[in-house]
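Subject: Structure handover

Hello,

Here is the structure I promised you. Please open it beside this email and follow along as you read.

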Amino acid sequence: DIYEINDRLNEISDSIQKIEDYDIQEKEERRKELESEIQDIDREVGRLKGKEEDHEEEIESLEEEKEKLEEKKSNQTDLQIQSEAMKKAKQLMKEVRDEIMQEIRQEIESKTESQFFDLIWKNDFVEVNIDEDYNIEVINRHGNNAINDLSAGERQALALSFMAALKRVSGYDAPVIIDTPLGRISEEPRENIAEGLPNYLKDTQVTLLVTNTEYDENFSG
């Protein structure tokens, strides 16, 4: 049918061109030109529709990629939030640990000082300090650190006081072995140590490695 219609149109067009009317002929020529332009436009429209379909597919692909990227971004945001929370928790735990360590150190310092002053026989010292690295200072009445000026007996008393303080504060129920606790200590501090050790090491198994001159009646009684 289309072919027949086109043939009929061609016949009509030929007939029109044979009419000796220039106005009609010009219009027919113009019609053919417009028809050719319409065909060109139709082809261009078809080409643009094809490009439109391609672009729609590309847009759809980009939308899918966008969703994936947004999902990754969301996951990264969650990870970042978790990371920040973990950093804050770590910092908080460090602060709590430091605070607890500070309290423990201060308690050990206090007990060491109290026990040391109970054991020594002089009143030349006013304070015992323990720094964050657990270095011990014994401050004399002049405000100086006298740790290097302590006698052998005073050093022994300080060591026993520090050991007993560590034992009491740590809470560890472990046996204690002391080698020659009184070897270089005079009679008066021996009595102080003999009276103080049972209290400082209460409920603790204590093994003393002593000579017969150390373990005399005053100490054993």
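Glu44 counts as partly exposed, because its relative accessibility is 35% and that class lies between 20% and 50%. Its partner is Arg47: the two side chains meet in a salt bridge, 2.3 Å from N to O. Arg47 is partly exposed as well, at a relative accessible area of 43%. Why are Glu44 and Arg47 separated by about one helical turn? Because they are three residues apart in helix H2.

Keep in mind that this is a predicted model. The mean pLDDT of the chain is 82. Of its residues, 90% reach 70 or more. Confidence varies between elements. Strand S2 has the highest mean pLDDT, 94. Helix H5, residues 217-220, has the lowest, 68.

**Salt bridges**

How many salt bridges does the structure hold? There are five. The one between Glu44 and Arg47 is described above. Now move along helix H2 to Asp98 and Lys94. Their side chains meet in a salt bridge at 3.0 Å, N to O. Both residues lie in H2, four residues apart, or about one turn of the helix. Asp98 also meets Arg97, at 3.1 Å from N to O. Lys94, Arg97 and Asp98 are therefore linked in a network of salt bridges, as a salt bridge needs a nitrogen within 4 Å of a carboxyl oxygen.

Are these three residues buried, partly exposed or exposed? Each counts as partly exposed. The relative accessibility is 31% for Asp98, 41% for Lys94 and 48% for Arg97.

**The hairpin**

Next, find strands S1 and S2. S1 covers residues 125-130 and S2 covers residues 136-140. They run antiparallel, and five bridges join them. One residue to check is Glu127: its bridge partner in S2 is Ile139. Five residues sit between the strands of this hairpin. Tyr134 takes a positive phi there, near 65°.

**The nonpolar cores**

In soluble globular proteins, nonpolar side chains tend to be buried together. The largest nonpolar core here has 20 residues. Which residues have the most contacts inside it? They are Phe116, Phe125, Val138, Leu150, Leu158 and Ile193. Several elements supply at least two residues each: helix H2 (22-119), S1, helix H3 (152-170), strand S3 (176-179) and helix H4 (187-200). H3 gives the most, with four residues.

Take Leu158 and look at what surrounds it. Leave aside its neighbours within four places in sequence. Leu158 is then in contact with Thr112, Phe116, Ile136, Val138, Ile147 and Leu150. Apart from the largest core lies another, of five residues. Among them are Ile108, Ile130, Phe162 and Val169.

**The aromatic rings**

A pair of aromatic rings is described by the distance of the centres and the angle of the planes. A search of the whole structure finds two aromatic pairs. The rings of Phe116 and Phe117 have centres 6.0 Å apart. Their planes are at 45°, so this pair is tilted. Phe116 is buried, with a relative accessible area of 0%, whereas Phe117 is partly exposed at 29%.

The rings of Phe116 and Phe125 also have centres 6.0 Å apart. Why is this pair tilted? Because the planes are at 40°, and tilted pairs are those that are neither under 30 degrees nor over 60. Phe125 is buried, with a relative accessible area of 11%. Ring pairs link Phe116, Phe117 and Phe125 into a cluster. Two of these names will be familiar: Phe116 and Phe125 are among the residues with the most contacts inside the largest core.

**A lysine in a loop**

Last stop: Lys202. Where is its place? Lys202 is in the loop between H4 and strand S4, which covers 206-209. Lys202 counts as exposed, because its relative accessibility is 62% and the cut-off is over 50%. Now look for Lys167. Lys202 and Lys167 are 35 residues apart in sequence. In space, their C-alpha atoms are 10.0 Å apart.

Best wishes

Definitions and conventions
Residues are numbered from 1 along each chain as its sequence is written. This is a predicted model: local features need pLDDT of at least 70, side-chain atom pairs count only at pLDDT 80 or more; totals for chains, interfaces and linings use all residues. Side-chain values use heavy atoms; hydrogens and water are left out. Two strands pair if DSSP finds at least two bridges between them. pLDDT is the predictor's confidence in each residue, from 0 to 100. A nonpolar core is a set of buried Ala, Val, Leu, Ile, Met, Phe, Trp, Tyr and Cys residues joined through side-chain atoms within 4.5 Å. Buried means under 20% relative accessible area, exposed over 50%, partly exposed in between (1.4 Å probe, protein chains only). Contact means heavy atoms within 4.5 Å. Rings of Phe, Tyr and Trp (its six-membered ring) pair if their centres lie within 6.5 Å; planes under 30 degrees apart count as stacked, over 60 as edge-to-face and the rest as tilted.
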